[in-house]
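Keep the model open beside this text. We will start at one strand and work outward to the whole chain.

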Amino acid sequence: MTEYTPVKEGKVREIYDIGDKMILVATDRISCFDVILNNKVDGKGQILTQMSKFWFDFTSDILPNHMISVDTADMPEYFRQEKFAGRSMLVKKLTMLPVECIVRGYITGSGWKSYLECGKVCGIELPAGLQESEKLPEPIYTPSTKAEIGDHDENISFEQSVDYLEKRFPGKGAEYAAKLRDCTVALYKKCADYALERGIIIADTKFEFGLDEDGNVVLGDEMLTPDSSRFWPLDGYAVGRAEPSFDKQFARDWLKANPDNNWTLPAEIVEKTISKYVEGYEKITGIEFGKDF
């Protein structure tokens, strides 16, 4: 049996090159504020992979994505070990576009802080009188650069994203920037409407895109997971306050409230975090966690 080693390790994912394709393995690591915490959250990687699969299937009519299979039987023998079950995705190789495509449907987090300071979010003027956690009149697109581990993403304007992409892909910057913006908003609207029917508000999220071998823009990375999104329960939602969530905001909040944390969560916070992930997964997919792998 051929043994594989990751060609790249991100904050959460390990990437394996198997020739003309790649395998993304979502670990149980958890990162907050761009730092990998000392804890692992058992089952988290499986939720990330299976939720991404659900959304990739759900949005394939809007834009092609890089997913081929999450069944390890479709992967080399090495990945048929139990430790890879449920958390591995066979994908097409893409040339990734170096922009994180963030869309905000509600005002919260750093966006709320910015709005209080200047009435804008990432340079976008918003109506006066908004309250914390309020739904925006229309979703706003606020791209950022894609940082390496240990660095921080930098918010950029749409115009800056054009220039940023033009430097990497001469003659294509404006075309790619517009495609990323339009697809980001379209994906968000379809998925947010669906999630609302399942009792979940998607406050904001981020997508990443790449180019396939024919130069087409394709959705890649993960999609609408608790690691890349803010999920709020619709039940009990009210403007004018911070909202409870089904994502890692729960862990972020604990870290902020306990500054001497040494980037380590107590066991009860780890347990509550994974329970939030599982609840969000089951509400959205309608599938009992762990049922199919």
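**A strand and its partners**

Strand S9 (residues 99-106) and S14 run antiparallel, joined by four bridges. This is a predicted model. One pair to look for is Cys101 in S9, whose bridge partner in S14 is Phe207.

Stay with S14. The strand covers residues 200-211. How many of its residues are buried? Twelve of the twelve are, so S14 is largely enclosed by the rest of the structure. The cut-off for buried is under 20% relative accessible area.

S9 is one of several strands that pair with S14. Strand S8 (residues 95-96) pairs with S14 as well, in the antiparallel sense, over two bridges. There, Thr95 stands opposite Leu211 of S14.

Now turn to strand S16 (residues 229-233). S14 and S16 pair over five bridges, again in the antiparallel sense. Find Ile201, and opposite it in S16 you will see Trp232.

Strand S15 (residues 217-220) is joined to S14 by four bridges, and the two run antiparallel. Phe209 has Leu219 in S15 as its bridge partner. S14 and S15 form a hairpin, with five residues between them. Look in the turn for Gly215, which has a positive phi of about 85°.

**An open sheet**

Next, move to the sheet that holds S1. Five strands make up this open sheet, in the order S1-S2-S3-S7-S6. The pairing is antiparallel. Which strands lie at the edges? They are strand S1 (8-9) and strand S6 (67-69), and each pairs on one side only.

Begin at the S1 edge. Two bridges join S1 to strand S2 (residues 13-17), and the two run antiparallel. Lys8 stands opposite Ile15 in S2.

**Ile30 and Val41**

Strand S4 (residues 29-32) holds Ile30. Is Ile30 buried or exposed? Its relative accessibility is 0%, so Ile30 counts as buried.

What does Ile30 touch, leaving aside its neighbours within four places in sequence? Its contacts include Val35, Ile36, Leu37, Asn39, Val41 and Lys44. Lys248, Ala251, Thr273 and Tyr277 are also among them. Leu196 gives another reference point for Ile30. The two residues are 166 residues apart along the chain, and their C-alpha atoms are separated by 26 Å.

Follow the contact from Ile30 to Val41. Val41 is found in the loop between strand S5 (35-40) and helix H1 (44-58). Val41 has a relative accessible area of 0%, so it too is buried. Beyond its neighbours within four places in sequence, Val41 is in contact with Asp28, Ile30, Val270 and Ile274. Take Ile274 as an example. Val41 and Ile274 are 233 residues apart in sequence, yet 6.4 Å apart in space, C-alpha to C-alpha.

**A loop residue, Glu132**

Where is Glu132? It is found in the loop between strand S11 (124-125) and strand S12 (135-141). Leaving aside neighbours within four places in sequence, Glu132 is in contact with Ile107 and Trp112. Its contacts also include Val239, Gly240, Arg241 and Ala242. Now check Glu243. Glu132 and Glu243 are 111 residues apart along the chain, with 9.1 Å between their C-alpha atoms.

**The whole chain**

Step back now. The chain has six helices and 16 strands. Its radius of gyration is 19 Å, close to the 19 Å that the globule rule gives for 293 residues, so the chain is as compact as a globular protein of that length. Along the principal axes, its C-alpha atoms fill a box of roughly 60 × 50 × 40 Å.

Contacts between residues distant in sequence have come up already, as with Val41 and Ile274. Across the chain, take the contacts with a separation of 6 or more. Residues 24 or more positions apart account for 61% of these.

Buried residues make up 51% of the 293 residues. The accessible surface of the chain comes to about 13800 Å². Carbon and sulfur atoms account for 47% of that surface.

Finally, consider charge. The chain has 36 positive and 50 negative side chains. How far apart are the centres of the two sets? They lie 0 Å apart.

Key. Residues are numbered from 1 along each chain as its sequence is written. This is a predicted model: local features need pLDDT of at least 70, side-chain atom pairs count only at pLDDT 80 or more; totals for chains, interfaces and linings use all residues. Side-chain values use heavy atoms; hydrogens and water are left out. The radius of gyration is taken over C-alpha atoms; the globule rule is 2.2 Å times the number of residues to the power 0.38. Buried means under 20% relative accessible area, exposed over 50%, partly exposed in between (1.4 Å probe, protein chains only). Contact means heavy atoms within 4.5 Å. Accessible areas come from the Shrake-Rupley method with a 1.4 Å probe; for residues, only the protein chains shown count as cover. Lys and Arg count as positive and Asp and Glu as negative; His and the chain ends are not counted. The place of a charge is taken as NZ of Lys, CZ of Arg, CG of Asp or CD of Glu. Two strands pair if DSSP finds at least two bridges between them.
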